[in-house]
Amino acid sequence: MDDVIEHSGPSCEKYKEFFLPLIANGIQSVYPEMRQASAYGWGVLAQFGGPKFANECSGCISYLIQIAQAPDSRNDVNINATENAISALTKILQYNNSQVK
């Protein structure tokens with residue numbers, strides 16, 4: 001999924017019905033591995049998906065912040081999800097921030 005977004009750029013929009021629900025649900029998962037993979041996906045979407053995904057990227061910010069600010073965010077089991085969430089937040093702000101309020 002991440003490769004499709006990265007290598008097709010803004011034209012990945014035709015696949016959004018496939019990947020948006022996956023990363024939107026995964027970012028809220030109780031499983032750290034799912035949060036980690038979804039956070040990575042949000043970062044890739046922010047960087048390569050183009051401005052058509054600005055609203056979706058803005059909408060996931062609160063979930064990414066929750067991951068980064070969780071009391072156990074630096075525990076071994078959560079560290080990869082935390083670092084990917086911070087990276088995704090940075091990419092949203094750098095590459096796709098037009099809808100960030």
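Here are some worked exercises on the predicted model shown above.

## Exercise 1: The overall build

Task: Work out how many helices and strands the protein chain has, and how its radius of gyration compares with the globule rule.

Solution:
- Begin with the secondary structure: the protein chain holds six helices and zero strands. Going along the sequence, the pattern reads α-α-α-α-α-α.
- Now turn to the radius of gyration, which is 13 Å and close to the 13 Å given by the globule rule for 101 residues, so the chain is as compact as a globular protein of that length.
- For the outer dimensions, the C-alpha atoms fill a box of roughly 35 × 25 × 20 Å along the principal axes.
- To finish, look at burial: 41% of the 101 residues in the protein chain are buried.

## Exercise 2: Cysteines without a bond

Task: Find how many disulfides the structure has, and explain why C12 is not bonded to C57.

Solution:
- A disulfide is a covalent bond between the sulfur atoms of two cysteines. The cut-off to apply is a sulfur pair within 2.5 Å.
- Searching the whole structure with that rule gives zero disulfides.
- Take C12 as the starting point. The closest cysteine sulfur to that of C12 belongs to C57 and is 9.7 Å away, which is too far for a bond.
- Then step on to C57, which is in no disulfide either: its nearest cysteine sulfur, in C60, is 5.8 Å away.
- Add the surroundings: C12 has 0% relative accessibility and counts as buried. C57 also counts as buried, at 0% relative accessibility.

## Exercise 3: An aromatic pair

Task: Identify which residues form the aromatic pair, and say whether the pair is stacked, edge-to-face or tilted.

Solution:
- Start with the count, which comes to one aromatic pair.
- The partners are F19 and F53, with ring centres 5.9 Å apart and 45 degrees between the planes, and the pair is tilted. The reasoning rests on the angle: planes under 30 degrees apart count as stacked and those over 60 as edge-to-face, with the rest tilted.
- Next, place the partners. F19 sits in helix α2 (residues 16–26), while F53 sits in the loop between α3 (32–48) and α4 (54–59). The pair links distant parts of the chain, 34 residues apart.
- As for accessibility, F19 and F53 are both buried.

## Exercise 4: Salt bridges around E13

Task: Determine how many salt bridges the structure has, and which residues are linked with E13 in a network.

Solution:
- Side chains of opposite charge can pair when their charged atoms come close. The distance to test is nitrogen to carboxyl oxygen, within 4 Å.
- The whole structure contains three salt bridges.
- One of them joins K16 and E13, at 3.8 Å from N to O.
- K52 also forms a salt bridge with E13, where the closest N and O atoms are 3.1 Å apart. K52 lies in the loop between α3 and α4 and E13 in the loop between α1 and α2, so this pair ties together parts that are 39 residues apart in sequence.
- Put these together and E13, K16 and K52 are linked in a network.
- Check the exposure of each member: K16 is partly exposed at 25% relative accessible area, E13 is partly exposed at 25%, and K52 is exposed at 58%.

## Exercise 5: Around E83

Task: Find which residue forms a salt bridge with E83, and whether S73 is buried or exposed.

Solution:
- The salt-bridge partner of E83 is R74, with the closest N and O atoms 3.7 Å apart. E83 counts as partly exposed, at 43% relative accessibility.
- S73 belongs to the loop between α5 (61–69) and α6 (79–95). With 7% relative accessibility, S73 counts as buried.
- Relate the two: S73 and E83 are ten residues apart along the chain, and their C-alpha atoms are separated by 9.0 Å.

## Exercise 6: A nonpolar patch

Task: Name the residues that make the nonpolar surface patch, and say where V4 is placed.

Solution:
- The patch covers about 460 Å² and is made by M1, V4, Y15, F18 and L22.
- V4 lies in helix α1 (residues 2–8).
- The relative accessible area of V4 is 37%, so V4 is partly exposed.

Note on methods: Residues are numbered from 1 along each chain as its sequence is written. This is a predicted model: local features need pLDDT of at least 70, side-chain atom pairs count only at pLDDT 80 or more; totals for chains, interfaces and linings use all residues. Side-chain values use heavy atoms; hydrogens and water are left out. Patches are made of residues with over 30% relative accessible area and no salt bridge: like charges are joined within 9 Å, nonpolar side chains (Val, Leu, Ile, Met, Phe, Trp, Tyr) within 5 Å. Accessible areas come from the Shrake-Rupley method with a 1.4 Å probe; for residues, only the protein chains shown count as cover. A salt bridge is a side-chain nitrogen of Lys or Arg within 4 Å of a carboxyl oxygen of Asp or Glu. Helices (H or I, at least four residues) and strands (E, at least two) are DSSP runs, numbered from the N terminus. Buried means under 20% relative accessible area, exposed over 50%, partly exposed in between (1.4 Å probe, protein chains only). Rings of Phe, Tyr and Trp (its six-membered ring) pair if their centres lie within 6.5 Å; planes under 30 degrees apart count as stacked, over 60 as edge-to-face and the rest as tilted. The radius of gyration is taken over C-alpha atoms; the globule rule is 2.2 Å times the number of residues to the power 0.38.
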